[in-house]
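Here are some worked exercises for you to try with the viewer open. Take each task on your own before reading the steps beneath it.

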Amino acid sequence: MVENSGSVFKIKVDGKLYEVDSMEVKEGVFSIINNNKSYLIDINAGTSNKNFEVTAWNKVFPVDIIDAEEKYLMSRGKGAAGDDENVISSPMPGKVVKIMVSEGQEVKAGDVAIIVSAMKMESEYKVKQDSVVKEICVAEGDNIDGHQPLIIVE
């Protein structure tokens with residue numbers, strides 16, 4: 001998460017929020033002030049527009065930008081998103097297009113349970129293991145939040 005107001009930025013890194021004052025001193029070189037300490041940071045382009053090498057404290061740190069779009073694309077091949085094998089959810093906000101199962105129904109691993117539209121694309125979310133649909137938490141046409149439980153299986 002990055003929010004800015006002039007040269008002051010609120011940046012969330014690994015769950016921790018930082019408020020920094022930043023100024024580009026020359027192309028790719030930034031002066032950053034955090035907690036009354038000044039740091040000189042050199043940012044060099046990597047292999048893509050979301051990949052960089054940051055030099056600070058005489059060390060090089062590889063940095064990959066993982067935004068909402070990237071999380072979505074990474075999760076597409078994984079079926080249901082999230083850590084809980086029994087919860088089917090979408091990694092992004094969207095709209096429920098079609099529910100393919102009903103409560104109490106026995107489903108097999110790989111069966112499509114729900115179709116969600118997000119970012120002008122429809123994605124199928126599949127059951128990860130043979131199970132029974134315990135609860136359907138949404139209805140067709142509902143707007144959903146990212147990581148909101150959509151279907152629970154057991």
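Where is the place of Met119? Met119 sits in the loop between β11 and β12; strands (E, at least two residues) and helices (H or I, at least four) are DSSP runs, numbered from the N terminus.

Before going further, a word on the model: it is predicted, with local features needing pLDDT of at least 70 and side-chain atom pairs counting only at pLDDT 80 or more, while totals for chains, interfaces and linings use all residues. Residues are numbered from 1 along each chain as its sequence is written, and side-chain values use heavy atoms, with hydrogens and water left out.

**Exercise 1. Describe the backbone and exposure of Met119, then do the same for His147.**

Step 1. Start from the background: most residues other than glycine have a negative phi.

Step 2. Check Met119: its phi is near 55°, a positive value in a residue other than glycine.

Step 3. Classify Met119 by accessibility (buried is under 20% relative accessible area, exposed over 50%, partly exposed in between, with a 1.4 Å probe and protein chains only). Its relative accessible area is 40%, so Met119 is partly exposed.

Step 4. Turn to His147, which is found in the loop between β14 and β15. His147 is not a glycine either, yet has a positive phi of about 70°. With a relative accessible area of 52%, His147 is exposed.

**Exercise 2. Work out the strand order of the sheet that contains β11, and find its edges.**

Step 1. Recall that strands of a sheet pair through backbone hydrogen bonds, either parallel or antiparallel. Here two strands pair if DSSP finds at least two bridges between them.

Step 2. Read off the order: β12-β11-β9-β14, an open sheet of four strands with antiparallel pairing.

Step 3. Locate the edges. β12 (121-126) and β14 (143-144) each have a single partner strand, so one side of each is left without a neighbour in the sheet.

Step 4. Look inside the sheet: β9 and β11 are joined antiparallel over four bridges, and Val96 stands opposite Val116 in β11.

**Exercise 3. Repeat the analysis for the sheet that contains β15.**

Step 1. The order is β8-β15-β13-β10, again an open sheet of four strands with antiparallel pairing.

Step 2. The edge strands are β8 (87-89) and β10 (106-107); each has a single partner strand, so one side of each lacks a neighbour in the sheet.

Step 3. β8 and β15 (residues 149-153) run antiparallel and are joined by three bridges. Within that pair, Ile88 has Ile151 as its bridge partner in β15.

Step 4. Now visit Val132, in strand β13. Its relative accessibility is 29%, which means that Val132 counts as partly exposed. Although Val132 and Glu154 are 22 residues apart along the chain, their C-alpha atoms are separated by 5.4 Å.

**Exercise 4. Which residues have the most contacts inside the largest nonpolar core?**

Step 1. Fix the terms. A nonpolar core is a set of buried Ala, Val, Leu, Ile, Met, Phe, Trp, Tyr and Cys residues joined through side-chain atoms within 4.5 Å; a contact likewise means heavy atoms within 4.5 Å.

Step 2. The largest core has 17 residues, and those with the most contacts inside it are Ile99, Val101, Ile114 and Ile151.

Step 3. The elements giving two or more residues to this core are β9 (94-99), β11 (112-118), β13 (131-136) and β15.

Step 4. Zoom in on Val101: leaving out residues up to four places away in sequence, it touches Val107, Val112, Ala113, Val133, Ile136 and Ile151.

**Exercise 5. Is Ser31 buried or exposed, and what surrounds it?**

Step 1. Place Ser31 in strand β4 (residues 29-34).

Step 2. Because its relative accessibility is 19%, Ser31 counts as buried.

Step 3. Beyond residues up to four places away in sequence, Ser31 touches several residues, among them Met23, Val25 and Leu40.

Step 4. Met23, Val25 and Leu40 also make a nonpolar surface patch of about 310 Å². Patches are made of residues with over 30% relative accessible area and no salt bridge; like charges are joined within 9 Å, and nonpolar side chains (Val, Leu, Ile, Met, Phe, Trp, Tyr) within 5 Å. A salt bridge is a side-chain nitrogen of Lys or Arg within 4 Å of a carboxyl oxygen of Asp or Glu, and accessible areas come from the Shrake-Rupley method with a 1.4 Å probe, where for residues only the protein chains shown count as cover.

Step 5. Leu40 lies in strand β5 (residues 37-45), and its 60% relative accessibility is why Leu40 counts as exposed.
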